[in-house]
Structures are given as C-alpha cells and as structure tokens.
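Me: I am new to this structure and would love a close look at one part of it. Could you walk me through how its charged side chains pair up?

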Amino acid sequence: MISYFPGLYPDELFYSVVSRYFAHIYPSYILAIENLCKTKTSRIDMEFGLQSLNSDTKNFLEQVYGLKNILLHNTMFPQYAKFETVERRNLAAQVMLTGEGDIHSALIFPKNKSGSRYLRYCPLCFEKDRDEFGEAYWHRLHQIRGINVCSKHGCYLHNSDIEINSKSSPRLWVADNIVVDSSVNYASDREKQLTDYVVKIMQSPMPRDQPQISDWLISKLEGTEYITTRGKRKFTSKLYSDIKEFYSEFGCEGIEYQHQVAKLFTGNNNNFIDICKLAFFLNIPIEEVTNPKLPEKSQTERFNEKVNQLYQDGLGCHRIAGMVGSCPSTVLNRKLYP
C-alpha cells in the first residue's frame, strides 16, 4: 500500500516521478517494483509507465491525479495517438490504463532512424529545476521524436547515456543523478519556431471526433502546386523534394523518404512528427491541426459542380479549362461523365 508518492512536476514524464519515488524511500530497485507493480519482474516503461502497475498503485493514482490525466499529460501517449483514428486511440488508451492487451496492435511505433534513442535533457531546464524544486527531473517534451530543441530555452537538447529500449536491463534512472553536459548551443529562429509549433500540437487536447487525417491533409493541399485543380492527382515527388529543401535550409531533417510523404495521403502514415512537419511546411495554423475539419464538399466535388455550371451557362470546354485552371480533356470528361 502506498503511503507516500512524490508530486508531479510541470511537464514531468511519469517514468521520472516513479524514479524519484524509488530514490526517495527505497534502498533497492526490486523493493520499489514489488510495491508498485504486478510482479517483481515488471518494468516501468520510459515513455508510458502505467501498464505494469498493480491495482493498489492505480487506485491511489486515480484518486490523487486521475490515470487518464497522467496518460495525456505525463506520458508520450499523445505523440503516438494524436493523429490516429478515434477508435484506435480509445483502444490504445484502454490498453494503457488497464494493462491488458497489446499496445502495438493499437498504435504504430516508428522505427528508430539512428538505431538507438536516449532520454534527453536541457541543461538550462535541469539548472532551473534544481533551483526551484531542489532536484532535476525528466521532461516529457524533451522526449518528442524528431525534435531536438528545448521549447522553453531554445537550445539543443543533450542525449543522456540512458537508452530508451524495452530490451535493456530494467532500472529506474533518476535524472538528478546523471552526469550533465552543461554546454548550451542555441538553435536557429526557424528551428525554434518548428519546435514551438510541434510542442503546442503535442500539448493540445485530443479532439473527441476527427476525420481520417489523410483526407484532411489532402484537403489542405488545395490551392498549392502539389495537387491538380480537380483534386484527383497529387505531386508527392515535388512535395517531398520541396519539404527536404525547406528543412535543410535551417539544418533540420524533413520527412525521410518519399514513400512516407505519399503514405500521409493514403492513411498508411499517421506518424506525429511527419504530419507536424508537413503542416508546418504548408503553413497550416496550429488551431486547424489540433482540431481538423473537412470542408462540406471535397475539392473534386466543387470542381465538377463549377464545370457543369459553366457548361450550363453555354461555355465551351477550352474556355472553361482556362477559367478553372485545368486542361480541356479533363473538362470535357466532366461533361461526358458528370
């Protein structure tokens, strides 16, 4: 039974508070795990941390903080679930909260591009945390995949030597105990803007209802050079090339492969950072990304209606093509097959 548990600090990763709990009162890792988890062989997942907890621990946390509140604000769950369908997101939340089921059947986890990932930190945040709280802790926002800058201080994050890997030896690593690289290197203004953009999306509430994100992304291409005026053909090769060039100009990596860009529009890529980078490139307002809505009619439907109306007004296909920005054959096909 839990008689004491540390309070959660602002933006603290749940794994971090469990690590502090262990450091404050337990002489060994095994004793802490036996008290908190279902079995002594359980491990606290660094990104999530709730699945292996026993019923007593969950009941305590539910009463004090609310388990769903912890899931949404102190784990990496929003990074993986934000752009999933509502059904898959709810299934994933259920797996996390109950500890029953396979999280990999509900959420898709991208492969590590560089082989290994590590818990990261901002040296200025660590310094501030120690001044304000008397100890450093692991920040959730520092662990977002594809973001390398602290949104609060604008400096680059450092990797610790603690690997985020389910196969590594289980242990609770306390942030205050690591050897800190105190060097500070500031990012460019553009990279800071990208970081701020992604962080605000990460922190936004989950909409209760949202369209298929691929359909919404297609709708946001309208009016760009990456989709035809009728909305039936997308130029993903050019889009990929322009994204790559755009991000390289301020030292960032765009979306790694062209097929990942193409899959954003087929529903086969709901990767959080890929969608954020595409939205930032297209200059889509944050409010629209966090609460996506489809237009009442698709671009194709509106194109067809306009062409048909112009035919009814007595115009020929060549003139209509010039007015709608399409080729005569496409316009003629709309007349033959409305």
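Reply: Happy to help; here is a walk through the salt bridges, with a short stop at the cysteines. Please keep in mind that the model is predicted.

Searching the whole structure turns up eleven salt bridges. In general, side chains of opposite charge can pair when their charged atoms come close.

Let's begin with Asp176 and Arg130, whose side chains meet with N and O 2.7 Å apart. This salt bridge links distant parts of the chain, 46 residues apart: Arg130 belongs to helix H7 (residues 123-133), while Asp176 sits in the loop between strand E2 (158-163) and helix H8 (189-203). Asp176 is partly exposed at 29% relative accessibility, and Arg130 is partly exposed at 32%.

Helix H8 holds a pair of its own, Asp196 and Lys200, which lie four residues apart, about one turn of the helix. Their closest N and O atoms are 3.2 Å apart. Asp196 is partly exposed at 31%, as is Lys200 at 41%.

Glu84 and Arg88 form another salt bridge, at 3.1 Å from N to O. Here Glu84 is buried, with 4% relative accessibility, whereas Arg88 is partly exposed at 28%. There is also a network of salt bridges, which links Glu12, Arg20 and Glu135.

Now for the cysteines: the structure has zero disulfides. The sulfur of Cys155 has its closest cysteine sulfur in Cys122, but at 3.6 Å that is too far for a bond. For Cys276 the closest is in Cys252, 13 Å away, again too far. Cys155 is buried at 0% relative accessible area, and Cys276 is buried at 0% too.

Methods:
Residues numbered from 1 in each chain as written. Predicted model: local features only at pLDDT ≥ 70, side-chain atom pairs only at ≥ 80, totals over all residues. Heavy atoms only, no water. Disulfide = S-S within 2.5 Å. Buried < 20%, exposed > 50% of the residue type's maximum accessible area, 1.4 Å probe, protein only. Salt bridge = Lys/Arg side-chain N within 4 Å of Asp/Glu carboxyl O. Helix = DSSP H or I, 4+ residues; strand = E, 2+ residues; numbered from the N terminus.
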